[in-house]
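Reader: Hey, could you walk me through this one? I'm new to reading structures.

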Amino acid sequence: MKPTFYVTTPIYYVNDVPHIGHAYTTVAADVLARYKRLMGYDVYFLTGSDEHGQKVEKAAITAGETPLELADRVVKRYQALWERLGISHSDFIRTTQERHKKGVSEIFSNILAKGDIYLGEYEDWYCTPCETFWTETQLIEGRCPDCNRPVEKLKEESYFFRMSKYQEQLLAHIEAHPDFIQPKSKRNEIVSFIKEGLRDLSVSRTTFTWGIPVPGNDRHIIYVWFDALTNYISALGYPDETGNYSRYWPVDVHLIGKDILRFHAVYWPTFLMAAGLPLPEKVFAHGWWTVEGQKMSKSLQNVVEPNMLIDKYGVDVVRYFLLREVPFGLDGDFSHTALIQRMNSDLANDIGNLLSRSTAMAVKYFEGILPEPSEMIDIDLALKTKTGEMIAIVDKFIDELAFSKALQAIWDVISAGNKYIDDSAPWTLAKDPANRGRLATVMHTLLESQRITHCVLSAFLPTTAGKALASLGYAEEISKEKLVWGGLKAGTVITKVEALFPRYEGKE
Ligand code: ME8
């Protein structure tokens with residue numbers, strides 16, 4: 001039986017349309033999923049949409065729609081974008097689906113029955129004109145921070161989750177599992193937060209209706225984060241603990257942005273502890289993208305729309321840029337200048353040129369029929385070794401979710417390939433028929449190194465790798481076993497590739 005691998009993205013709110021931040025997490029998860037499939041894993045890759053809660057309810061009112069109409073409309077934009085970005089998810093969960101509602105009601109009832117959810121009173125400052133609760137610290141000089149009018153102390157009935165009870169158990173878990181929260185700096189922030197003391201968490205609201213009712217008390221709507229987090233198991237069929245649930249849970253990694261780490265590293269694990277379910281293996285919080293040095297926001301009108309980028313530069317340029325430019329886990333800045341720089345140097349020059357030069361020579365010197373190589377000499381063996389070593393390096397970096405380093409390791413082989421052409425000078429060998437055998441070995445070494453490189457790269461840039469492998473006459477299904485030297489056989493038909501990536505000469 002294949003080992004399993006379960007990876008998730010956050011489920012995105014439908015009150016906003018997709019931007020590069022959403023594309024970032026989803027592309028990263030896709031690369032991981034594709035890579036693990038390639039390495040022989042049985043992968044489950046989940047993404048979806050978060051459709052309940054007050055934010056969505058309000059956005060629907062503004063748009064003159066019902067919340068479900070709004071969700072139906074916006075969710076299509078996410079799904080269409082994932083299609084264009086080549087996202088290979090196994091499942092797309094919507095929190096308005098029956099399977100999800102069933103999972104949420106069940107885990108809520110389960111924790112309620114155990115006594116770790118109880119009915120209490122939520123006491124805070126209330127601004128009646130704004131219909132908003134505020135905590136003491138949010139008030140500005142004792143008044144509403146939004147409208148500056150006086151506030152009054154109000155009590156609202158609410159269900160609470162006994163999060164305080166799990167404080168020590170959670171700390172012990174984090175201590176015993178150093179990889180549970182990553183990167184390390186974020187783990188330390190979470191530990192400090194927990195040590196300040198966990199308070200019980202209000203997990204129901206009576207101020208709006210768009211959500212899943214509390215089982216047995218439908219005046220209360222389940223808190224949107226309790227609802228949303230449960231998607232990771234409801235998609236697997238929970239409360240049915242057989243089938244996909246038993247096959248894939250606990251999840252190998254929840255990929256999220258740093259903005260929602262507390263929900264995933266404190267709330268979610270304590271809910272699971274209370275329900276008696278296993279905890280995620282890993283929660284990884286990546287950094288935040290700014291745009292040309294500024295926070296991305298609707299009011300600044302600088303939201304970067306992935307469809308526009310794909311139209312302008314092509315899908316694999318976008319995928320490459322997002323994962324190569326910034327180490328996963330750190331914040332980064334998006335700029336067209338930086339993207340064009342990467343496109344022209346790494347893609348058009350390095351990888352594109354290497355393939356077009358190599359395939360052009362195979363056509364010119366051997367009519368596009370791969371010749372039988374003769375004995376390899378040191379310079380050939382060095383490229384072969386470097387290509388082989390890259391596999392283990394990429395594997396290690398992928399395990400660390402260091403996508404940028406993994407790509408760097410692949411590009412080291414590409415640079416070595418370009419240098420190999422210069423050093424072995426096939427055009428000189430081609431002048432003398434006595435060097436035919438040597439020329440055959442050079443061509444074979446060069447193309448075989450690229451076959452392996454593109455097999456690995458298919459996890460990152462599936463469209464590009466597909467084109468490259470087709471030009472190398474390689475049509476086999478890619479798997480771990482194919483990543484060893486010798487896959488290209490003599491007689492294979494090589495076709496010349498004009499340009500994998502055009503140089504971008506246009507204006508930014
Ligand atoms: O938080 N840079 O949904 P959401 C990098 N529904 N990543 C960014 C980003 C940026 N500027 N902006 C957004 C929610 N993201 C909840 C999640 S999960 C059970 C519920 C990414 O639509 C990042 O992954 O606000 C962030 O965590 C996610 O989008 C938030 O998406």
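Author: Here is a short tour of the model, beginning with the ground rules. This is a predicted model, where local features need pLDDT of at least 70 and side-chain atom pairs count only at pLDDT 80 or more, while totals for chains, interfaces and linings use all residues. Residues are numbered from 1 along each chain as its sequence is written, and side-chain values use heavy atoms, with hydrogens and water left out.

Reader: Cool. How many helices and strands does the protein chain have?

Author: The protein chain has 18 helices and 16 strands. Both are DSSP runs numbered from the N terminus, with at least four residues for helices (H or I) and at least two for strands (E).

Reader: And how much of the chain is buried?

Author: Of its 508 residues, 55% are buried. Buried means under 20% relative accessible area, exposed means over 50%, and partly exposed is in between (1.4 Å probe, protein chains only).

Reader: Ok, new topic: the ligand. Which residues come nearest?

Author: Ile11, Tyr13, Thr25, Asp50 and Trp289 come nearest, out of 24 residues around the ligand. A residue is near if one of its heavy atoms lies within 4 Å of the molecule.

Reader: Which element gives the most to that shell?

Author: Strand E1 does, with four residues. E1 covers 4-13, and helix H1 (20-38) is among the other elements that supply at least two residues each.

Reader: What about polar side-chain atoms close to a ligand oxygen?

Author: Asp259 has one 3.0 Å from an oxygen atom of the ligand. His286 also has a polar side-chain atom 3.5 Å from a ligand oxygen.

Reader: Switching again: where are the cis peptide bonds?

Author: One runs from Gln182 to Pro183, with omega near -5°. Pro183 is in the loop between strand E7 (181-182) and helix H6 (184-195). Another runs from Tyr238 to Pro239, with omega near 15°.

Reader: Tyr238, huh. How far is Tyr238 from Glu106?

Author: They are 132 residues apart in sequence, and their C-alpha atoms are 8.5 Å apart in space. Glu106 is in helix H4 (residues 98-114), and it counts as partly exposed because its relative accessibility is 35%.

Reader: Last one. Gln301 and Ala425 have positive phi, so is each buried or exposed?

Author: Gln301, with phi of about 55°, is exposed because its relative accessible area is 74%. Ala425, with phi of about 40°, is buried because its relative accessible area is 16%. Neither Gln301 nor Ala425 is a glycine.

Notes: Polar contact = N/O pair within 3.5 Å; in protein donor to acceptor, adjacent residues only side chain to side chain.
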